[in-house]
Amino acid sequence: MAEAFPEPGEEVRLPGAVLIRTAAGAGRPRTGAVIDLLAAGVGPARAAASTGAALTAAALAGAPYDLVVSAGIGGGFAPGAALGSLVVADAITVADLGAETADGFLPVTELGFGTVTHRPPESLVRAVAEATGARTGTVLTVSTMTGTADRAATLRARHPRALAEGMEGFGVAEAAAAQGAPVLEIRAISNPVGPRDRAAWRIGDALAALTAAFGKFAPALESWKPV
Ligand SMILES: O=C(O)c1cccc(C(=O)CC[C@H]2O[C@@H](n3cnc4c(=O)[nH]cnc43)[C@H](O)[C@@H]2O)c1
(Lines give C-alpha, C1' and ligand atoms only; values in the text may rest on other atoms or scores of the structure.)
Protein backbone atom coordinates (compact mmCIF):
# COMPACT_ATOMS: atom_id res chain seq x y z
CA MET A 1 0.00 0.00 0.00
CA ALA A 2 2.94 2.29 0.61
CA GLU A 3 3.37 2.17 -3.21
CA ALA A 4 0.27 4.34 -3.47
CA PHE A 5 2.42 7.19 -2.10
CA PRO A 6 5.07 8.09 -4.68
CA GLU A 7 7.31 10.04 -2.28
CA PRO A 8 9.22 7.90 0.24
CA GLY A 9 7.96 8.50 3.75
CA GLU A 10 9.92 9.26 6.88
CA GLU A 11 10.30 6.41 9.41
CA VAL A 12 9.04 7.34 12.88
CA ARG A 13 10.00 4.93 15.69
CA LEU A 14 7.65 4.92 18.69
CA PRO A 15 7.38 2.64 21.73
CA GLY A 16 5.27 -0.23 20.37
CA ALA A 17 4.89 0.99 16.79
CA VAL A 18 6.95 2.04 13.77
CA LEU A 19 5.25 4.42 11.35
CA ILE A 20 5.99 5.60 7.84
CA ARG A 21 4.97 9.25 7.76
CA THR A 22 3.97 10.32 4.28
CA ALA A 23 2.57 13.57 2.95
CA ALA A 24 -0.90 12.63 1.74
CA GLY A 25 -0.71 14.97 -1.20
CA ALA A 26 2.36 13.30 -2.73
CA GLY A 27 1.95 13.26 -6.50
CA ARG A 28 -1.26 15.30 -6.28
CA PRO A 29 -2.13 18.84 -5.32
CA ARG A 30 -0.93 19.12 -1.74
CA THR A 31 -3.47 19.66 1.01
CA GLY A 32 -1.14 19.68 3.96
CA ALA A 33 -2.67 16.47 5.32
CA VAL A 34 -0.36 13.79 6.67
CA ILE A 35 -0.97 10.05 6.49
CA ASP A 36 0.97 7.70 8.77
CA LEU A 37 1.24 4.07 7.65
CA LEU A 38 1.47 1.42 10.36
CA ALA A 39 2.06 -2.29 9.75
CA ALA A 40 -0.20 -3.14 12.68
CA GLY A 41 0.53 -6.88 12.80
CA VAL A 42 -1.70 -9.92 12.43
CA GLY A 43 -4.72 -10.54 14.66
CA PRO A 44 -6.99 -8.28 16.69
CA ALA A 45 -4.79 -8.14 19.80
CA ARG A 46 -1.58 -7.16 18.01
CA ALA A 47 -3.45 -4.69 15.82
CA ALA A 48 -5.10 -3.07 18.85
CA ALA A 49 -1.78 -2.83 20.70
CA SER A 50 0.13 -1.18 17.87
CA THR A 51 -2.74 1.10 16.90
CA GLY A 52 -3.13 2.14 20.53
CA ALA A 53 0.59 2.89 20.76
CA ALA A 54 0.46 5.13 17.68
CA LEU A 55 -2.69 6.91 18.85
CA THR A 56 -1.26 7.53 22.30
CA ALA A 57 2.01 8.87 20.94
CA ALA A 58 0.13 11.26 18.66
CA ALA A 59 -2.15 12.45 21.47
CA LEU A 60 0.80 13.05 23.80
CA ALA A 61 2.55 15.00 21.04
CA GLY A 62 -0.51 17.26 20.81
CA ALA A 63 -1.38 16.08 17.27
CA PRO A 64 -4.11 13.44 17.62
CA TYR A 65 -5.24 11.59 14.52
CA ASP A 66 -8.47 12.68 12.80
CA LEU A 67 -9.17 9.20 11.44
CA VAL A 68 -7.89 5.61 11.73
CA VAL A 69 -8.11 3.28 8.70
CA SER A 70 -7.66 -0.47 8.95
CA ALA A 71 -6.74 -1.83 5.52
CA GLY A 72 -5.77 -5.30 4.43
CA ILE A 73 -6.64 -8.43 2.52
CA GLY A 74 -9.56 -10.54 3.61
CA GLY A 75 -11.81 -13.45 2.89
CA GLY A 76 -14.98 -12.75 0.89
CA PHE A 77 -18.41 -14.25 1.51
CA ALA A 78 -19.85 -15.49 -1.81
CA PRO A 79 -21.62 -14.31 -3.83
CA GLY A 80 -21.34 -10.73 -2.54
CA ALA A 81 -17.58 -10.32 -2.43
CA ALA A 82 -15.62 -11.67 -5.38
CA LEU A 83 -11.85 -12.25 -5.45
CA GLY A 84 -10.00 -9.00 -6.15
CA SER A 85 -12.99 -6.84 -5.19
CA LEU A 86 -13.08 -4.29 -2.37
CA VAL A 87 -15.29 -4.12 0.69
CA VAL A 88 -15.70 -1.08 2.94
CA ALA A 89 -17.16 -1.89 6.35
CA ASP A 90 -20.31 -0.09 7.42
CA ALA A 91 -20.11 -2.32 10.52
CA ILE A 92 -16.92 -3.74 12.03
CA THR A 93 -18.05 -6.75 14.03
CA VAL A 94 -16.08 -9.23 16.11
CA ALA A 95 -17.48 -12.67 15.35
CA ASP A 96 -15.99 -14.76 18.14
CA LEU A 97 -15.94 -12.59 21.28
CA GLY A 98 -18.37 -14.21 23.63
CA ALA A 99 -19.32 -17.54 25.17
CA GLU A 100 -20.11 -20.89 23.62
CA THR A 101 -23.19 -22.35 25.35
CA ALA A 102 -25.30 -25.46 24.94
CA ASP A 103 -27.75 -23.23 23.09
CA GLY A 104 -25.14 -21.74 20.82
CA PHE A 105 -22.80 -18.75 20.77
CA LEU A 106 -23.55 -15.68 22.90
CA PRO A 107 -21.76 -12.43 22.08
CA VAL A 108 -20.35 -10.53 25.07
CA THR A 109 -23.05 -7.91 24.71
CA GLU A 110 -25.66 -10.57 25.51
CA LEU A 111 -23.63 -11.45 28.60
CA GLY A 112 -24.03 -7.85 29.68
CA PHE A 113 -20.68 -6.24 28.89
CA GLY A 114 -18.34 -5.14 26.14
CA THR A 115 -18.89 -4.17 22.52
CA VAL A 116 -19.07 -6.30 19.41
CA THR A 117 -19.65 -3.73 16.66
CA HIS A 118 -18.15 -0.39 15.71
CA ARG A 119 -19.81 1.73 13.04
CA PRO A 120 -17.64 3.90 10.82
CA PRO A 121 -19.05 7.33 9.86
CA GLU A 122 -21.72 6.77 7.20
CA SER A 123 -20.71 9.71 5.03
CA LEU A 124 -17.12 8.49 4.92
CA VAL A 125 -18.11 4.91 4.10
CA ARG A 126 -20.21 6.24 1.22
CA ALA A 127 -17.50 8.55 -0.09
CA VAL A 128 -14.79 5.87 -0.02
CA ALA A 129 -17.06 3.24 -1.57
CA GLU A 130 -17.96 5.64 -4.38
CA ALA A 131 -14.33 6.58 -4.98
CA THR A 132 -13.13 2.97 -5.13
CA GLY A 133 -16.11 0.99 -6.44
CA ALA A 134 -16.16 -1.00 -3.20
CA ARG A 135 -19.24 -2.73 -1.84
CA THR A 136 -20.34 -1.85 1.66
CA GLY A 137 -21.41 -4.28 4.36
CA THR A 138 -20.38 -5.89 7.60
CA VAL A 139 -16.74 -6.95 7.88
CA LEU A 140 -16.20 -9.61 10.52
CA THR A 141 -13.09 -9.86 12.65
CA VAL A 142 -12.07 -13.39 13.63
CA SER A 143 -9.13 -14.73 15.63
CA THR A 144 -9.31 -18.04 13.79
CA MET A 145 -9.59 -17.80 10.03
CA THR A 146 -12.60 -19.67 8.67
CA GLY A 147 -11.55 -22.94 7.04
CA THR A 148 -14.67 -25.05 6.67
CA ALA A 149 -18.02 -24.77 4.91
CA ASP A 150 -19.78 -25.37 8.25
CA ARG A 151 -18.09 -22.44 9.95
CA ALA A 152 -18.76 -20.20 6.95
CA ALA A 153 -22.46 -21.15 7.06
CA THR A 154 -22.60 -20.47 10.81
CA LEU A 155 -21.08 -17.02 10.37
CA ARG A 156 -23.36 -16.24 7.45
CA ALA A 157 -26.43 -17.24 9.49
CA ARG A 158 -25.34 -15.08 12.45
CA HIS A 159 -24.25 -12.16 10.28
CA PRO A 160 -26.40 -12.07 7.13
CA ARG A 161 -24.93 -8.69 6.08
CA ALA A 162 -21.33 -9.93 6.26
CA LEU A 163 -19.37 -9.47 3.04
CA ALA A 164 -15.86 -10.17 4.33
CA GLU A 165 -13.78 -11.38 7.22
CA GLY A 166 -10.34 -10.33 8.41
CA MET A 167 -8.35 -10.56 11.61
CA GLU A 168 -7.62 -6.97 12.65
CA GLY A 169 -10.50 -4.55 12.06
CA PHE A 170 -12.20 -4.88 15.44
CA GLY A 171 -8.89 -4.53 17.30
CA VAL A 172 -8.07 -1.35 15.40
CA ALA A 173 -11.61 -0.06 15.98
CA GLU A 174 -11.41 -0.73 19.72
CA ALA A 175 -8.13 1.19 19.95
CA ALA A 176 -9.58 4.07 17.94
CA ALA A 177 -12.81 4.17 19.96
CA ALA A 178 -10.86 4.24 23.23
CA GLN A 179 -9.35 7.53 22.09
CA GLY A 180 -12.40 8.99 20.40
CA ALA A 181 -11.09 8.63 16.84
CA PRO A 182 -13.39 7.61 13.98
CA VAL A 183 -12.45 4.39 12.17
CA LEU A 184 -12.78 2.93 8.69
CA GLU A 185 -12.03 -0.60 7.46
CA ILE A 186 -11.33 -1.60 3.88
CA ARG A 187 -10.57 -5.15 2.73
CA ALA A 188 -9.45 -6.40 -0.66
CA ILE A 189 -10.68 -9.95 -1.18
CA SER A 190 -7.84 -12.48 -1.50
CA ASN A 191 -9.77 -15.72 -0.94
CA PRO A 192 -13.27 -17.06 -0.47
CA VAL A 193 -14.52 -17.62 3.09
CA GLY A 194 -15.03 -21.36 3.29
CA PRO A 195 -13.08 -24.61 3.07
CA ARG A 196 -9.34 -23.91 3.26
CA ASP A 197 -7.91 -24.00 -0.26
CA ARG A 198 -4.49 -22.42 -0.43
CA ALA A 199 -4.43 -22.71 -4.23
CA ALA A 200 -7.48 -20.42 -4.45
CA TRP A 201 -5.77 -17.48 -2.71
CA ARG A 202 -5.01 -14.44 -4.89
CA ILE A 203 -2.95 -12.33 -2.48
CA GLY A 204 -1.07 -10.45 -5.22
CA ASP A 205 -4.27 -9.41 -6.97
CA ALA A 206 -5.84 -8.32 -3.68
CA LEU A 207 -2.81 -6.25 -2.68
CA ALA A 208 -2.76 -4.62 -6.12
CA ALA A 209 -6.47 -3.76 -5.74
CA LEU A 210 -5.82 -2.31 -2.29
CA THR A 211 -2.91 -0.20 -3.52
CA ALA A 212 -5.03 1.14 -6.39
CA ALA A 213 -7.85 1.88 -3.94
CA PHE A 214 -5.52 3.91 -1.74
CA GLY A 215 -4.69 6.18 -4.67
CA LYS A 216 -8.41 6.72 -5.25
CA PHE A 217 -9.70 7.15 -1.74
CA ALA A 218 -6.94 9.30 -0.24
CA PRO A 219 -8.61 12.44 -1.71
CA ALA A 220 -11.95 11.37 -0.17
CA LEU A 221 -10.25 10.96 3.22
CA GLU A 222 -8.53 14.32 2.96
CA SER A 223 -11.72 16.20 2.17
CA TRP A 224 -13.90 14.34 4.72
CA LYS A 225 -14.91 16.34 7.77
CA PRO A 226 -16.43 14.67 10.83
CA VAL A 227 -20.02 15.86 11.40
O1 LIG B 1 -3.88 -20.84 5.48
C2 LIG B 1 -2.95 -20.47 4.76
O3 LIG B 1 -2.30 -21.23 4.06
C4 LIG B 1 -2.62 -19.01 4.69
C5 LIG B 1 -1.84 -18.55 3.67
C6 LIG B 1 -1.55 -17.20 3.58
C7 LIG B 1 -2.03 -16.31 4.54
C8 LIG B 1 -2.82 -16.81 5.54
C9 LIG B 1 -3.35 -15.92 6.56
O10 LIG B 1 -3.82 -16.39 7.57
C11 LIG B 1 -3.34 -14.48 6.33
C12 LIG B 1 -4.02 -13.73 7.44
C13 LIG B 1 -4.03 -12.26 7.14
O14 LIG B 1 -4.81 -11.99 6.01
C15 LIG B 1 -6.11 -11.53 6.38
N16 LIG B 1 -7.04 -12.52 5.80
C17 LIG B 1 -7.03 -12.86 4.51
N18 LIG B 1 -8.00 -13.74 4.25
C19 LIG B 1 -8.63 -13.98 5.40
C20 LIG B 1 -9.73 -14.81 5.74
O21 LIG B 1 -10.35 -15.51 4.92
N22 LIG B 1 -10.12 -14.80 7.04
C23 LIG B 1 -9.51 -14.03 7.97
N24 LIG B 1 -8.45 -13.24 7.67
C25 LIG B 1 -8.02 -13.19 6.40
C26 LIG B 1 -6.11 -11.40 7.88
O27 LIG B 1 -6.65 -10.15 8.23
C28 LIG B 1 -4.63 -11.50 8.28
O29 LIG B 1 -4.03 -10.24 8.32
C30 LIG B 1 -3.12 -18.15 5.65
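This passage looks at the ligand shell, one helix pair and one unusual peptide bond in a predicted model. Residue numbers start from 1 along each chain as its sequence is written. Because the model is predicted, local features need pLDDT of at least 70 and side-chain atom pairs count only at pLDDT 80 or more, while totals for chains, interfaces and linings use all residues.

Start with the ligand. It is surrounded by 17 residues (near here means a C-beta atom, placed from the backbone, within 6 Å), and Gly75, Met145, Gly166, Met167 and Arg198 are the closest. Strand 4 (68–76), strand 10 (162–166) and strand 11 (183–192) each supply at least two residues of this shell; helices (H or I, at least four residues) and strands (E, at least two) are DSSP runs, numbered from the N terminus. Strand 4 gives the most, with four residues.

After strand 4 comes a loop to strand 5 (86–94), and Pro79 sits in that loop. The bond between Ala78 and Pro79 is cis, with omega about 0°. For context, most peptide bonds are trans.

Then there are the helices. The axes of helix 3 (residues 122–132) and helix 6 (residues 203–223) come within 8 Å and cross at roughly 140°; axes are lines fitted to C-alpha atoms, for helices over the stretch in contact, with angles from 0 to 180 degrees between N-to-C directions. The two helices are therefore oblique to each other (not under 35 degrees, over 145 or 65 to 115). Helix 3 brings Ala127, Val128, Ala131 and Thr132 to the contact, and helix 6 brings Ala213, Lys216, Phe217 and Ala220 (C-beta atoms, placed from the backbone, within 7 Å).

Note on methods: Contact = placed C-beta atoms within 7 Å.
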